[in-house]
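Trainee: I am new to this structure and would like a close look at a single part. Could you pick one residue, stay with it for a moment, and then lead me outwards from there?

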Amino acid sequence: MDLNLTPQELAFRDEVRAWFAANVPKDWVRRRNAEESMEARFEYLRAWQRKMFDAGWAGVSWPREYGGRGASLMEQVIFIEEMARAEAPPMANVLGLGLIGPTIIAFGTDAQKTRFLPKILSAEEIWCQGFSEPNAGSDLAALGSEGKLDGDHFIVNGQKIWNSYGWAADWCELVVRTDPNVEKHKGLTVLLADMKSPGVEVRPLKQMTGESEFCELFFRDVRVPVSNVIGKVNDGWRVAMGTLMHERGTFGAGLQVNYRRNFNRLVEIAHHMKRTGDPLVRQKLAQAYTEIEVMRCNQMRAFSRINETGVPGPEGSIQKIFWSELNQRFQQMAQEIMGPYGQLAHGSADAFDEGQWAYGYLRSRGNTIEAGTSEIQRNIIGHFVLGLPKSY
Amino acid sequence: MNFGLSESQQILKNNARKFFAAECPVSEVRRIMETESAHDQKLWRSMAEQGFLGVVIPEDAGGMGLGMVELAALAEEMGRALVPGPFLATLLASAAIEGAGTKKHLAEIASGQCKGTLALLEAGGSWSPDAVAMPALEGEKMFVPDAGVADVIVVAARDRGELALYLVDGKSIERTAMPAVDLTRRLYKLNFAKAQGELLARGDAARNALERALDIATVALCAEMTGGMQRTMEMAVEYAKTRKQFGKPIGQYQAVQHQCADMLLWTESSRSATYYAAWALDNNAPDARAAVSVAKVYASDSCREVGNRGVQVQGGMGFTWENDVHLYYRRAKASEIAFGDATFHRERIARLIIDRMNARTAVGV
């Protein structure tokens, strides 16, 4: 057991840290909380990704042959942590870089790799996912969008929901049912669909925070060429699960840094409000510190295990529950400490941090739902880690 | 960076598991806990032969000279096997003696000829060194672990207002049992009537030695708690797989399954926090002391909840004397309290972390 970074890891960290220090746009921290149109914000983030791409940082985890940096898992973790530490803006093509690019690398044909990967890295083409449907959320394999073969095209009809970035996307990783006559997991196919195709409609979905992070997608007789099937026809479940595996991977590394920053900020506010002498407040803050530290330890352990053995251990499966429930408790605690100030929203001159705490409280409600609900996560632990019989 | 155990650390852990499975199965635990002192000299001697009693004692003092990670690996297996007796008490004593800058008794401790304990708590029940009020050496110490079999006792007392540590011959002190929930470890009240003791350290040196000893023992305790949680979870999961109601194993129902998932989350998270604290102590990391408290806060709250679920999942069977889960449940309660409960350690974190930050940039009001 050795938690010190190796000389190579240290050198990598210093290189990353120096690059972010010199290149993170100075206006981002202010701009982050400012009002601006989604489109203007998106172009800003696209320019930022382009800058990272030009410097060779856009696809750190991707193999070198596909334009990435071929970073080891530990280097990826360091990169994500440094990015969070530097308060760098997110990259515009988050899903393309994190989920869909790796899926194309794993399952795609050479032609697909050549066609799609470079433009994912450069943010020239933005990607979204068409997975969940109104009647297929946790039970994803029950999805009903159909892909009917017509010569060298699939004709797609159906509706997708909880889609992020659909309004900005050029392409969509789309899961459809291509064989309704077999067991539900066996008749699915993953298509790479052009969002500019006739018959694609995108409607923003307003969420409880007032934002529209998500969209609904409607497909009406949309033609997708068979050459855009990724993996094999009717083998889409395996491909989709490959994508979701990435979703639960290194994502948490940056969260831990952000949580610690939020904690530090909350302590400042608690001091400012002269509340840190209150034994109850001290208990609550110390509990938050504890949980954030335990999350950090869990992550170090999980990444280290994957690095050593290539497979996640039991500590990996608990991460999603841990960070989501932690954040809900933390946001609630922040509200208690701030008293009446916690509820003040963006636009109130008296709010702390331009209303970020009221927003954070509302937004944290989504944490235990997105990327697999806490209930589904506990099912996964029960069945796949503890070996209990499947409940459904 | 590598969080995993090294090959030699893993071997030590595997050997410990095999050893305790053979030498201290739960039938032995039940036999030993019925004895007056919950200590078995034969088991103690074979633990000494394995080197288990001197893991962190320096080699030149007869120990193995290993670090906290190795100690945690051993303690996790001991917690899993619910090994009764004065292991932690003796660890406290040896760490305090070594922390005071002497090697007295360390070789005898490592070889199993000498058992020890630390007398800290008084009637107020606080684990803080600041709370020590007993003048040297006249008065009462309470909740002293396994003092009944201790050959040497390290005693925290006040010498003209200053904190001081003394080494006292165990047999010279009047020791009264304080029967408690955990049957595998005994608590005692000690009555010092102008007792003779050898001064080990005074002032800051005493305080540092005491805090260091408590940190070391706390990490070992957290590792034990993790092992206990692991075993409690395994028993519950096993039961959930075999017990059938309404024609199905109860582990198929999500109400049961999710309780087991929570047990895994708490157990694994306690493990991560504990090994991090062990590593931080070994490496004098700047946050080492806070890391110890993080581990104890998390493990204390978790072991109680894992115990609760462990009984609940096994239903009526879990509530019987015959089922082993209550042995772990009892130990968990004692461990939750020992060396400061979650509330105590949260306040310690507040002092170590929160009080050292300030309001410098808060704006908006």
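**A close look at one glycine, and outwards from there**

Mentor: Gladly! Let us start with B:Gly310, which lies in helix α9 of chain B. Keep in mind as we go that this is a predicted model. Is B:Gly310 buried or exposed? It counts as buried, because 30 C-beta neighbours fall inside 10 Å and 20 or more are enough for that label. Leaving aside residues up to four places away in sequence, B:Gly310 touches B:Thr232, B:Met233, B:Met235, B:Ala236, B:Met263, B:Gly318, B:Val325 and B:Tyr329. For a sense of scale, try B:Leu163: it is 147 residues from B:Gly310 along the chain, and 42 Å separates their C-alpha atoms.

The helix that holds our glycine also takes part in the meeting of the two chains. In that meeting, 47 residues of chain B are in contact with 48 residues of chain A. On the chain B side, the elements giving two or more residues are α7 (204-242), α8 (254-282), α9 (288-313) and α12 (342-352). The biggest share comes from α8(B), with 14 residues. Sorted by class, this side of chain B has 27 nonpolar, 15 polar and 5 charged residues.

Before we cross over, chain B has some backbone details worth finding on your screen. Most residues other than glycine have a negative phi, and most peptide bonds are trans. Now look at B:Ala136 and B:Leu137, which are joined by a cis peptide bond with omega of about -25°. B:Leu137 sits in the loop between β1 (116-119) and β2 (139-145) of chain B. Go on into strand β2 of chain B and you meet B:Phe143, a residue other than glycine with a positive phi, near 55°. B:Phe143 is buried because it has 21 C-beta neighbours inside 10 Å. Then comes B:Asp146, in the loop between β2 and β3 (152-159) of chain B. Its phi is positive too, near 50°, and B:Asp146 is buried, since 25 other C-beta atoms lie within 10 Å.

Now for chain A. Its domain assignment gives domain 1 (7-92), domain 2 (127-234) and domain 3 (248-385). Between the C-alpha centres of domain 1 and domain 3 of chain A there are 22 Å, and their contact takes 10 residues from each of these two domains. On the domain 1 side, the residues divide into 6 nonpolar, 2 polar and 2 charged.

A good helix to visit here is α8 of chain A, residues 252-272, whose 21 residues reach 30 Å from the first C-alpha to the last, close to the 30 Å expected. Its buried residues include A:Leu255, A:Tyr259, A:Phe263, A:Leu266 and A:Ile269. Among the elements covering the buried residues of α8(A) are α4 (73-85), α9 (279-309) and α11 of chain A. After the helix comes A:Lys274, with a positive phi near 55°.

Follow chain A to the loop between α11 (319-338) and α12 (356-364) and you reach A:Leu344. This leucine counts as partly exposed, because 19 C-beta neighbours lie inside 10 Å where being buried takes 20 or more. Not counting residues up to four places away in sequence, A:Leu344 touches A:Asp350, A:Ala351, A:Gly355 and A:Ala358. From A:Leu344 to A:Ala358 there are 14 residues in sequence, but 6.1 Å in space, C-alpha to C-alpha.

Two more stops in chain A. Helix α5, residues 94-107, has 14 residues and reaches 19 Å, close to the 20 Å expected. There is a bend of about 40° at A:Ile100, with the proline A:Pro102 following within four residues. Both A:Ile100 and A:Pro102 are among the buried residues of α5(A).

Last, find strand β1 of chain A, residues 127-130. In a regular strand the side chains alternate between the two faces of the sheet. Here both faces are covered: A:Trp127 and A:Gln129 are buried on one side, and A:Cys128 and A:Gly130 are buried on the other. β1(A) runs parallel to strand β4 (residues 171-177) of chain A, and 4 bridges join the two. One place to see the pairing is A:Gly130, which stands opposite A:Leu174 in β4(A).

Notes. Residues are numbered from 1 along each chain as its sequence is written. Chains are lettered from A and ligands numbered from 1 in the order in which they are written. This is a predicted model: local features need pLDDT of at least 70, side-chain atom pairs count only at pLDDT 80 or more; totals for chains, interfaces and linings use all residues. The expected span of a helix is 1.5 Å times one less than its number of residues. The bend at a residue is the angle between axes fitted to the seven residues ending there and the seven starting there. A residue is buried if 20 or more other C-beta atoms lie within 10 Å of its own, exposed if 12 or fewer, and partly exposed in between; C-beta atoms are placed from the backbone. Two residues are in contact if their C-beta atoms, placed from the backbone, lie within 7 Å. Ala, Val, Leu, Ile, Met, Phe, Trp, Tyr, Cys and Pro count as nonpolar, Asp, Glu, Lys and Arg as charged, and the others, Gly among them, as polar. Two strands pair if DSSP finds at least two bridges between them. Domain bounds come from an automatic or database domain assignment.
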